[in-house]
Amino acid sequence: MPKRSHRWKELRSSVPPAQRAFVLRLRELREVSDRTQAQIAEDVYLAPTSLSNHFNGGRVPEAEHVKKLYKILRDEAATSSRPMPCSLHSLLELRDKALVKHCDCCRAGSPEAGVSSSEPPPMVAGSPAAKSVRRRPRRPRVRMSTPRHSIPRAPAQAKVPVPLQEGDRHLTTPADAAWPEIRTLADNLSAGRSRDADIMMWSAATTLPARDVQVFVARCRAVGLEEAADQVITNAARRDAQAVLNIASALHDSEQYADVGLLLAAAAQED
């Protein structure tokens, strides 16, 4: 079978050298497969747009997704008798280097890249102090969902004729937390694409840090996706005990007390 060629976009000049080396090797690995990018993304449990973003230097993928992608492409290469361009170990080493943030003038490839060089850059006399940079919340990754558990909900509170901000349960979420994934999730649910919706909810519950899980749940409830919010909490209850406690603390700090009760009840059922 003739090898299928892929036309790649030219990487932006702003992509750091270490991340550029990782992306180029990732593209070489992609060349061993003749399948479409959408088909590969489905096997890796990623949205096609997310996989394309990784191949174009927009974001460094999670190590778990790199391993999954490598295994899938290695099996394909074995079937078609094509050589692999690199080993998994060397690919993961390139990923680790791409995540290193060397100085304030460099951008990191992922929110995980909180690593800096051991020695701070020299300070010039009279130069202003470096400003701290607040990072945006990490966006969800996708993974296949498992069957839902039925968790008893607390009785619904009676509506009171006061504005939301004056009621006894309001959500203190950052103004920039309206992620486009929430709209995508709503579109999937309204169109009956339950599998895609389950993937997004599972990913949000099991891969995001505690604060971002709280934001995701809050945004779902803010746009009326009550069942989706419940499912995210149910999925999050399957994480380890410390992660569940961290999520419960984030929900409590944002006054989402009913969600705290739902999370702890689901975690108790998992035990």
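This is a dialogue about reading a few features of a predicted model.

Visitor: Let me start with packing between side chains: where does one look for nonpolar residues, and which residues have the most contacts inside the largest nonpolar core?

Guide: In soluble globular proteins, nonpolar side chains tend to be buried together. In this model the largest such core holds 30 residues, and those with the most contacts inside it are L185, F216, C220, V232, I247 and L263. At least two residues of this core come from each of α6, α7, α8, α9, α10 and α11. To follow one member outward, take L263, which touches I233, A236, A237, V244, I247, A248 and L251 once residues up to four places away in sequence are set aside. Another core lies apart from this one and has 25 residues, among them V23, L26, A41 and V60.

Visitor: How many residues of helix α9 are buried, and what covers them?

Guide: An α-helix has 3.6 residues a turn, so residues three or four places apart point the same way. Helix α9, residues 226-236, has nine of its 11 residues buried, so this helix is largely enclosed by the rest of the structure. The buried ones are A228, A229, D230, Q231, V232, I233, T234, N235 and A236. Their cover includes α6 (180-190), α7 (194-207), α8 (210-222), α10 (241-253) and α11 (257-270).

Visitor: Which residues line the largest cavity, and how is such a space found?

Guide: Rolling a probe the size of a water molecule over the atoms shows where empty space is left. Searching the whole structure gives one cavity of 30 Å³ or more, and the volume of the largest cavity is about 40 Å³. Its lining is made up of L26, V44, L46, L51, H54, P61, H65, V66 and L69. The elements that give two or more residues to this lining are α3 and α4, with the largest share, three residues, coming from α4. Sorted by class, the lining has seven nonpolar residues, two polar ones and no charged ones. L26, named in this lining, is also among the residues of the 25-residue core.

Visitor: What does a search for aromatic pairs find, and how are the two rings placed?

Guide: Two values describe a pair of rings, the distance between centres and the angle between planes, and the whole structure yields one aromatic pair. The ring centres of W8 and F55 are 5.3 Å apart and the planes stand at 50°, so this pair is tilted. Because W8 lies in the segment before α1 (17-30) and F55 in helix α3 (residues 48-55), the pair ties together parts that are 47 residues apart in sequence. Their surroundings can be read from accessibility: W8 is partly exposed, with a relative accessible area of 27%, whereas F55 is buried, at 0%.

Visitor: Is H6 buried or exposed, and which residues does H6 touch?

Guide: Accessibility and contacts are best read together here. H6, in the segment before α1, has 18% relative accessibility and therefore counts as buried, the cut-off being under 20%. Leaving out residues up to four places away in sequence, H6 touches R30, E31 and S33. H6 and R30 are 24 residues apart in sequence, with their C-alpha atoms 8.9 Å apart in space.

Visitor: And what is in contact with E76?

Guide: E76 belongs to helix α4 (residues 63-80) and, at 19% relative accessibility, counts as buried. Beyond its neighbours within four places in sequence, E76 is in contact with S33, D34 and R35. S33 thus appears among the contacts of E76 and among those of H6.

Terms used
Residues are numbered from 1 along each chain as its sequence is written. This is a predicted model: local features need pLDDT of at least 70, side-chain atom pairs count only at pLDDT 80 or more; totals for chains, interfaces and linings use all residues. Side-chain values use heavy atoms; hydrogens and water are left out. Rings of Phe, Tyr and Trp (its six-membered ring) pair if their centres lie within 6.5 Å; planes under 30 degrees apart count as stacked, over 60 as edge-to-face and the rest as tilted. Helices (H or I, at least four residues) and strands (E, at least two) are DSSP runs, numbered from the N terminus. Buried means under 20% relative accessible area, exposed over 50%, partly exposed in between (1.4 Å probe, protein chains only). Contact means heavy atoms within 4.5 Å. On a 1 Å grid over the protein atoms alone, a cavity is a set of points where a 1.4 Å probe fits but cannot get out, and a pocket is an open set with protein on both sides within 12 Å along at least five of seven lines; lining residues have an atom within 4 Å of a point. Grid points are joined across faces, edges and corners, and a volume is the space filled by probe spheres set on the points. Ala, Val, Leu, Ile, Met, Phe, Trp, Tyr, Cys and Pro count as nonpolar, Asp, Glu, Lys and Arg as charged, and the others, Gly among them, as polar. A nonpolar core is a set of buried Ala, Val, Leu, Ile, Met, Phe, Trp, Tyr and Cys residues joined through side-chain atoms within 4.5 Å.
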